[in-house]
Amino acid sequence: MRKILLGAAGLLGFLVVWQLIPTLGLVDPHYLPYATDVFGRLAEEVRDLAFWRRVRLTMTSWAIGLTVATLAAVALGTVIGMVPFLRRATHTTVEFLRPVPSVALIPLAVLMFGLQMRAALVIIVYAAFWQVFVQVIYGVADVDTVARDTARSFGLTRAERLRYLVLPTALPYLMTGLRLGAAVALILAVTAEMVIGNPGLGRMIELSRSAGDAVGLYGLVVVTGMLGLLVNVVFRFVERRSLAWHQSVLADEATR
Amino acid sequence: MTAVGTGRARPRDLGVQVAENVLFAVGLPVLAVGLWAVWSTRSTNRFLVGPRTLLDAFRQTWIGPAFADDVLPSVYRLLIGLFTSILLGVAAGVVIGRFRPLREILEPLLEFFRAIPPPVLIPVAMLLLGITDTMKVVVIVSGAIWPILLNTIEGVRATDSVMLETAYSFRISRWDRLWRLILPAASPRIMTGVRQALSVALILMVISEMFASSAGLGYRIAYFQRNYLIAEMWSGILLLGLIGVVLAVVFGVVERRVLRWYHGMKEVTRA
């Protein structure tokens, strides 16, 4: 309770400071519009269907990108993580490709797919893939050796080993990867729209900027922040739910 | 791996082992480049180039004056932004992490700021600061600071309370407590934050230059693309990749040095 009150006080304080800065003339309202104006505009926007269409477009490319990246990462990660030979052979390649900033691929994606959602998807998938892939590899490789040898000597089939041994071990890792990947995918979805210009919230931000519409620009920044927050909260919730049986979550609950 | 019945049980020649490691490290990359070279001789795709063309373009584009004009300023801004983020993030993180009321007041606000996709701050920074070098550094800091700040807060919070109380009862000064207890205790988390910040900073460096610049790496790559200079564009992507890899390697070395005690401790508890 105390936490919620203090947190609300913090938010309120921030809004008051925001409102005061242009009011006191510290920054020209053309560059930093009043908080009341920005939220007033937002209240108008949410009644506009065009606004929701943009949100839908951004979230669609986010969802498609994240799904493709996750499927590919889980499939490849499981195979490579389970075979030591492959893990050793791919190590340097992975370590080289992973730090390549995904935005470096934007020009290439534009050339190959034009100013469309598909170009944005290349960037989103590339960025989100590594987040999930690396976690899956760690997770699959983390299987307890004693448990694995036990499973072998009890003659568990490959499918059974996957289901009862690898999956439970790798799931916490996968969930972490998924949460990180979801956040990164959203960043890249918006970024791609800003740079490539495929329709969505990101393009609207860029249009507001070039039109000098500061109120609209700040409003959209707030909206993207809310979307980011929503994605975080949802994925953290899913993570806790799907790992309700896991030691880390159980220990957490016990200490409460 | 089970050692029984394989050659692994016997100590092998050191040379063989080194050769095997090298083979594993370079095998796949060499194979990939080889396939790429063969494939590029028959491909008719205009947007993909062969390794030889790419290397030539790389040499002609980046080695020479372009290095000083476009690459160095970009990297310089990146490093300034990163160091500023680390400094501010750790300093603010220690303060916020140590004072519970402050943490509780700021928590929702910080969560929100972290959730904003950093590149949307570029238009905001352009509006507030104009198209300047300062603006680009500010953009990098405003994106890279959050993972460092939030991880520092968590790390400082998780400082062992028994050790803290011991430090209090021995009247260890505030300064020594900070340098000898709190910061080392938080350092694994801080390093995690810095690693996340690295990739964010690199992204922001590129994007801020694609948006608002007439020089720099990001600008160059976008320029090549708009003018259909395909090989040059690829060479830019390669260079960005190399910068990313170098950053990751340097960070890895620093992390291992800073956290040597921590990794050592983990080994001991595991054994």
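In this predicted model, helices α8(B) and α10(B) cross with a right-handed sense. Their residue ranges are 174-211 for α8 and 230-258 for α10, both in chain B, and their axes come within 11 Å and cross at roughly 165°. With that angle, over the 145 degrees that marks the antiparallel class, α8(B) and α10(B) are therefore roughly antiparallel to each other. By class, nine nonpolar, two polar and two charged residues make up the contact of α8(B) with α10(B). If you would like to trace the contact on screen, pick out B:S187, B:M191, B:V194, B:R195, B:L198, B:L202 and B:V206 on the α8(B) side. Their partners in α10(B) are B:L240, B:G244, B:L247, B:F251, B:E255 and B:V258.

Stay with α10(B) for a moment and look at its meeting with α2(B), residues 51-62, where the axes come within 8 Å and cross at roughly 80°. An angle from 65 to 115 degrees counts as roughly perpendicular, so that is how α2(B) and α10(B) lie to each other. From α2(B), the residues involved are B:T53, B:L54, B:A57, B:F58, B:T61 and B:W62. They meet B:A231, B:E232, B:W234, B:S235, B:L238 and B:L239 of α10(B). The contact of α2(B) with α10(B) divides into eight nonpolar residues, three polar and one charged.

Next comes the boundary between the chains. Here 45 residues of chain B are in contact with 44 residues of chain A. On the chain B side, α1 (14-42), α4 (100-115), α5 (121-129), α8, α9 (217-226) and α10 each supply at least two residues. Of these, α4(B) gives the most, with 10 residues. By class, the side of chain B that touches chain A has 37 nonpolar, five polar and three charged residues.

One place where the chains meet is a helix pair: α5(A), residues 106-113, and α9(B) have axes that come within 9 Å and cross at roughly 15°. Because angles under 35 degrees count as roughly parallel, α5(A) and α9(B) are roughly parallel to each other. Their crossing is right-handed. Here A:P107, A:V110 and A:L111 of α5(A) make the contact with B:I221, B:A222 and B:Q225 of α9(B). Five of the residues in the contact of α5(A) with α9(B) are nonpolar, one is polar and none is charged.

Another point to visit is B:P29, in helix α1 of chain B. Apart from neighbours within four places in sequence, B:P29 is in contact with A:T92 and A:T93. It has 14 C-beta neighbours inside 10 Å, so B:P29 counts as partly exposed. B:P29 and B:P101 are 72 residues apart in sequence, and their C-alpha atoms are 53 Å apart in space.

Now for the interior. The largest nonpolar core has 128 residues, and those touching the most other members are A:I123, A:I124, A:A128, A:V136, A:A185, B:A201 and B:V206. Helix α8 of chain A, residues 158-196, contributes the largest share of this core, 19 residues. What does B:A201 touch beyond four places in sequence? B:A201 touches B:L78, B:G81, B:L82, B:I140, B:G143 and B:A144. B:V206 is worth a second look, as this core residue also takes part in the contact of α8(B) with α10(B).

The loops of chain B offer some contrasts. Is B:G216 buried or exposed? B:G216 is buried, with 25 other C-beta atoms within 10 Å, and lies in the loop between α8 and α9. Setting aside residues up to four places away in sequence, B:G216 touches B:D70, B:P73, B:S74 and B:E209. B:G216 and B:F67 are 149 residues apart in sequence but 9.5 Å apart in space, C-alpha to C-alpha.

Most residues other than glycine have a negative phi. B:R171, in the loop between α7 (161-169) and α8 of chain B, has a positive phi near 50°. With 7 C-beta neighbours inside 10 Å, B:R171 counts as exposed. B:Y228 also has a positive phi, near 55°, and sits in the loop between α9 and α10 of chain B. B:Y228 is exposed, with 11 other C-beta atoms within 10 Å.

Finally, turn to helix α7 of chain A, residues 145-153, which is hardly covered: zero of its nine residues are buried. After α7(A) comes A:G155, with a positive phi near 70°.

Methods: Residues numbered from 1 in each chain as written. Chains lettered and ligands numbered in written order. Predicted model: local features only at pLDDT ≥ 70, side-chain atom pairs only at ≥ 80, totals over all residues. Core = buried A, V, L, I, M, F, W, Y, C linked by C-beta atoms within 7 Å. Buried ≥ 20, exposed ≤ 12 C-beta atoms within 10 Å, placed from the backbone. Helix = DSSP H or I, 4+ residues; strand = E, 2+ residues; numbered from the N terminus. Contact = placed C-beta atoms within 7 Å. Axes fitted to C-alpha atoms, helices over the stretch in contact; angles between N-to-C directions. Left-handed = near helix turned anticlockwise from the far one by under 90°. Nonpolar A, V, L, I, M, F, W, Y, C, P; charged D, E, K, R; others polar.
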